[in-house]
Amino acid sequence: MSHAASQTHATATQTTPHRLLYFFVAFVLLMFFGLIYAWSLFVDPLEAEFGWDRSATSVVFTLSIITFCAGMLVAGALEERTSPRTVMLITAACLGLGLIASAFTESLPFIYATYGVLVGAGVGLGTDVVMSVTLKWFPDKQGLASGAMLMGFGGGTMLLSPVVTTMLGALGWRMTFGALGAVFVVLVGAGAFIMKLPTPEYVKPLLEKARQNATVAAVDMTGSQMVRTPTFWVFMVYLMLVTCGGLALISQAVPAAMELLMGAGAGAGASGAAAGAGASAVLSEAEALMLATAAMGSVSAMNGLGRLINGFIWDKFGYRVCLTWIAVAFAAGMLCCAFAMMGGNFPLLVAGFMLLGLMYGGNMCSMSAMVGTFFGPKYYGINYAIATCQMIPAAIVGPQILALSQMGSGSYLGAFWVFFGVAIAALAVSFFIKPPKAA
């Protein structure tokens with residue numbers, strides 16, 4: 001028995017460098033998948049060429065988020081019937097075809113189908129299979145591994161957007177779409193032949209240790225078993241409350257910052273209006289736009305960092321501490337944004353943006369860690385895809401609250417107070433979340 005145990009330990013020790021290789025490949029792929037959030041870079045060139053309005057082009061992003069979730073569900077089902085390599089090759093085909101076809105856009109329905117549907121679905125397929133395969137190598141570090149990988153997804157927009165912007169300036173939007181399509185085919189295709197599942201001999205000792213430490217569920221639940229637990233639905237409510245605030249900010253960060261900087265409805269009080277007027281007197285519109293874009297960049301940076309931080313906290317201190325700090329950061333961020341608007345204080349607004357970026361990134365990490373920790377790693381692919389569907393109602397409700405507030409009052413201030421209430425509700429819901437009972 002002792003000899004067998006030492007053999008197992010030796011196998012795990014010898015294989016350990018390989019799991020770091022798979023992690024590195026996953027991180028790079030997720031960085032590129034994160035470019036789905038960089039759709040806004042293509043908006044101005046397309047609107048300038050075709051005369052489309054913002055409401056029409058925003059549908060592309062909405063479609064991409066919906067098909068992203070659908071792609072994850074399909075990936076989860078395919079993984080159980082085929083292999084990770086097959087799913088990744090399908091991913092490469094969707095992304096390559098979607099991006100290259102987008103270069104031939106001449107109408108809205110065409111870009112809806114190519115970028116909105118094909119690219120969105122491809123990113124969903126790829127994200128799910130990459131996360132699923134890699135986390136099976138880390139049953140003992142579900143939180144940290146999830147957070148570190150998702151940091152790549154969250155930070156991809158920030159790191160790669162300047163490259164895409166340069167390409168747009170040098171090549172134009174059509175050639176940029178085509179070049180990105182070729183890059184995705186090569187990268188994802190190569191990843192398909194590198195990534196593989198760990199052997200049962202490698203996983204067994206790590207999984208046993210994780211279950212002894214209660215960092216992974218004692219049993220693995222299928223998707224149908226998971227959705228029948230109260231834990232899943234309470235957690236879904238929590239996720240939707242926090243996600244709607246995060247997506248709302250991501251969708252309107254630049255306009256909200258511009259409102260404060262240019263003094264348009266900067267606050268309810270005279271001091272806010274005065275501060276806003278002062279800002280507009282000093283700053284040109286181009287300078288204000290540069291500052292507003294930098295403020296949005298702080299959201300992306302903190303989004304990535306929040307995923308890593310939360311993964312560490314999840315593994316070290318448990319889920320309860322994670323959920324609490326996320327809700328508290330959400331509330332604090334909304335307070336900062338509200339008071340910044342009232343007082344015309346741009347640094348305070350940036351502080352609010354940073355807190356909201358941290359909490360949104362932490363929330364995405366919690367979703368992944370919860371699936372593995374509460375319901376086991378075996379069916380992670382389909383279970384994670386099911387949990388991700390909370391983004392669909394959140395993507396519809398959150399940005400609409402912010403947009404309706406701005407349209408109704410001419411300011412984002414009211415929406416920030418609404419989302420402060422949403423954050424308090426999320427904090428209250430978090431206390432009702434507890435691991436499911438083993439069947």
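**Exercise 1. Find the helix that holds Val321, and check its length.**

Step 1: Val321 sits in helix α12, residues 319-343. Helices here are DSSP runs of H or I with at least four residues, numbered from the N terminus.

A quick note before going on: this is a predicted model, where local features need pLDDT of at least 70, side-chain atom pairs count only at pLDDT 80 or more, and totals for chains, interfaces and linings use all residues. Residues are numbered from 1 along each chain as its sequence is written, and side-chain values use heavy atoms, leaving out hydrogens and water.

Step 2: α12 has 25 residues and spans 36 Å from its first C-alpha to its last, close to the 36 Å expected at 1.5 Å a residue. The expected span is 1.5 Å times one less than the number of residues.

Step 3: Look just past the end of α12, and you meet Gly344, with a positive phi near 65°.

**Exercise 2. Work out how Phe42 and Phe177 pair up, and what their pairing links.**

Step 1: Rings of Phe, Tyr and Trp (its six-membered ring) pair if their centres lie within 6.5 Å; planes under 30 degrees apart are stacked, over 60 edge-to-face, and the rest tilted. The structure holds 21 such aromatic pairs.

Step 2: Phe42 and Phe177 are stacked, at 4.2 Å centre to centre with 10° between the planes.

Step 3: Now place them. Phe42 belongs to helix α2 (residues 40-50) and Phe177 to helix α6 (residues 142-194), so this pair ties together parts that are 135 residues apart in sequence.

Step 4: Are they buried or exposed? Phe42 is buried at 4% relative accessible area, and Phe177 is buried too, at 0%. Buried means under 20%, exposed over 50%, and partly exposed in between, using a 1.4 Å probe and protein chains only.

**Exercise 3. Describe how Trp173 meets Phe177, then name the cluster they belong to.**

Step 1: Trp173 and Phe177 form an edge-to-face pair, 6.0 Å centre to centre and 85° between the planes.

Step 2: Count along α6: the two are 4 residues apart, so about one helical turn separates them. An α-helix has 3.6 residues a turn, so residues three or four places apart point the same way.

Step 3: Zoom out, and you get one aromatic cluster made of Phe42, Phe50, Trp52, Tyr115, Trp173 and Phe177.

**Exercise 4. Sum up the whole chain.**

Step 1: Count the elements: 16 helices and 0 strands.

Step 2: Check the burial: of the 439 residues, 53% are buried.
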